[in-house]
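Here's a quick briefing on the fold in front of you, sorted by topic. Have a look at the strands as you read.

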Amino acid sequence: MHAEIELLEGDRLRVRDLDSDNGIVLIRQGREFPIKQEVVLLNDTLRFGEVALAVRDVIEILKNAVQPAAAAHAVTPAPVAGAKGFVRCGCGMVKVRGDPCPTCGE
Ligand SMILES: [Zn+2]
């Protein structure tokens, strides 16, 4: 694969096809667009020949590569539910106290 990928601010990527055989296909909202040079977004997917990569994953890889400190911070588990705590809903699901149940909506 001959492509150049540059991480931009705001979770965007600039992708440039450098004379690859298969080119790059941008998959956005289920549609495919062959591209030569394009700025792609977090929810897009890129296909390089047979290989499809979620832009989200590419951004994650690039961020980990250039900012190891930030990457280490990113894998720290986020605080869950804060001081609210969990309760067992009538349907059997564990839910955040005071919030609607994700399963039954109670
Ligand atoms: Zn429930």
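Start with β1 and β2 (residues 12-17): the two run antiparallel and are joined by 6 bridges. Within that pairing, Ile-5 sits opposite Val-15 of β2. Keep in mind that this is a predicted model, with an average pLDDT of 81 for the protein.

**The three-stranded sheet**

- β1 and β2 belong to an open sheet of 3 strands, and its order is β1-β2-β5 with antiparallel pairing.
- On the edges you'll find β1 (3-8) and β5 (37-40), each of which pairs on one side only.
- Going from one strand to the next, the twist averages 15°.

**The four-stranded sheet**

- There's also an open sheet made of 4 strands, running β4-β3-β6-β7, and here too the pairing is antiparallel.
- Its edge strands are β4 and β7 (51-54), and each of these has a pairing on one side only.
- The twist in this sheet averages 25° from one strand to the next.
- As a general reminder, strands in a sheet pair through backbone hydrogen bonds, in either a parallel or an antiparallel way.

**The β3-β4 hairpin**

- How many bridges hold the pairing of β3 with β4? There are 5, and the two strands, β3 (residues 24-28) and β4, pair in the antiparallel sense.
- Two of the matched pairs are worth picking out on the structure: Ile-24 has Ile-35 of β4 as its bridge partner, while Leu-26 is partnered by Phe-33, also in β4.
- The two strands make a hairpin, with 2 residues between them.
- Check the turn itself for Gln-29, which has a positive phi of about 50°.
- Is β4 well covered or hardly covered? Hardly: β4 spans residues 31-35, and the number of buried residues among its 5 is 0.
- So for β4 the picture is an edge strand of its sheet that pairs with β3 and has 0 buried residues.

**How confident the model is**

- Across the protein, 81% of the residues score a pLDDT of at least 70.
- Which elements mark the two ends of the confidence range? Helix α2 (residues 68-74) has the lowest mean pLDDT among the elements, at 51, and β5 has the highest, at 94.
- That high-scoring β5 is the one at the edge of the sheet with the order β1-β2-β5.

Notes:
Residues are numbered from 1 along each chain as its sequence is written. This is a predicted model: local features need pLDDT of at least 70, side-chain atom pairs count only at pLDDT 80 or more; totals for chains, interfaces and linings use all residues. A residue is buried if 20 or more other C-beta atoms lie within 10 Å of its own, exposed if 12 or fewer, and partly exposed in between; C-beta atoms are placed from the backbone. Two strands pair if DSSP finds at least two bridges between them. Axes are lines fitted to C-alpha atoms, for helices over the stretch in contact, and angles run from 0 to 180 degrees between N-to-C directions. pLDDT is the predictor's confidence in each residue, from 0 to 100.
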